[in-house]
Amino acid sequence: MEQVLFGVGLAFASAVQPGTLQAYYLSGVAQHGWKRTLPAALAPLLSDGPVALLALLVLTQLPEVASRGLRAAGGVLLLVLAWSAYRRWQRPSPDAASNARPPRTLLEAAFVNLLNPGPWLGWTLVLGPAVLAACRAGPAHAGALLVAFYATMVATNAGVILLFGTTRFLGSGARRTLILVSALALAALGTYQLLASVLATTGP
């Protein structure tokens, strides 16, 4: 359950954050409708494979102390993102999605996500160390974390696309609420990562 909750929280907080892929979703719905844009919700399933393999290959070669250090760094990164989201909630900036070109295919959306630094940082500093830590408890724990993360990511992406389609554009008030919720989730996850790394270091 611990791994499931972590995966769900991290995926939701990541998916609702304004970014390149979300801008594509909004632009795609505006120009082509939600039905043609909906398959792009699966983009992380295609783009994250090479990222995950490379990150895990590197992480498994590191000594235990380095893995714990990276997990702590991931906690700091989540706290920084939480602070950035909170500042964005305080001072909302103009939406740049209207200038974004919508994805024409699922592969194009996946390529856009692959070029986004988010998955690389996420897998290197947050998700990768979390998966390796879960593996020590058993492969089923790591599997539960990954299934929870990507199921929530795809479902949240699809929900965002449907919300854009049914309301045409998500109101600024609702967007600010989502940003605040994601900031709180990122802060909680960052604190959890830091505590987990400290307890792993001081434990037997």
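This report covers the fold, the first helix and a surface patch of a predicted model.

**Overall fold**

The protein has nine helices and zero strands. Read from the N terminus, its elements run α-α-α-α-α-α-α-α-α. The chain-level values are tabulated here.

| Property of the protein | Value |
|---|---|
| Buried share of the 204 residues | 42% |
| Share of contacts (separation of 6 or more) from residues 24 or more positions apart | 85% |
| Exposed area | about 10,400 Å² |
| Share of the exposed area from carbon and sulfur atoms | 71% |

**Helix α1**

Helix α1 covers residues 2-15, which is 14 residues. Does its length fit or contradict the rise of 1.5 Å a residue? The expected span is 20 Å, and the end C-alpha atoms lie 20 Å apart, so the two agree. Buried residues in α1 include Gln3, Phe6, Gly7 and Gly9. Leu10, Ala11, Ala13 and Ala15 of α1 are also buried.

**A nonpolar surface patch**

Which residues form the nonpolar patch on the surface? They are Leu54, Leu57, Val58, Leu62 and Trp120. Together they have about 430 Å² of accessible area. Helix α4 (residues 43-59) gives the most to this patch, with three residues.

Leu62 sits in the loop between α4 and α5 (64-90). Its relative accessible area is 32%. Buried means under 20% and exposed means over 50%, so Leu62 counts as partly exposed. Patch residues need over 30% relative accessible area, and Leu62 has 32%.

Note on methods
Residues are numbered from 1 along each chain as its sequence is written. This is a predicted model: local features need pLDDT of at least 70, side-chain atom pairs count only at pLDDT 80 or more; totals for chains, interfaces and linings use all residues. Side-chain values use heavy atoms; hydrogens and water are left out. Helices (H or I, at least four residues) and strands (E, at least two) are DSSP runs, numbered from the N terminus. Buried means under 20% relative accessible area, exposed over 50%, partly exposed in between (1.4 Å probe, protein chains only). Contact means heavy atoms within 4.5 Å. Accessible areas come from the Shrake-Rupley method with a 1.4 Å probe; for residues, only the protein chains shown count as cover. The expected span of a helix is 1.5 Å times one less than its number of residues. Patches are made of residues with over 30% relative accessible area and no salt bridge: like charges are joined within 9 Å, nonpolar side chains (Val, Leu, Ile, Met, Phe, Trp, Tyr) within 5 Å. A salt bridge is a side-chain nitrogen of Lys or Arg within 4 Å of a carboxyl oxygen of Asp or Glu.
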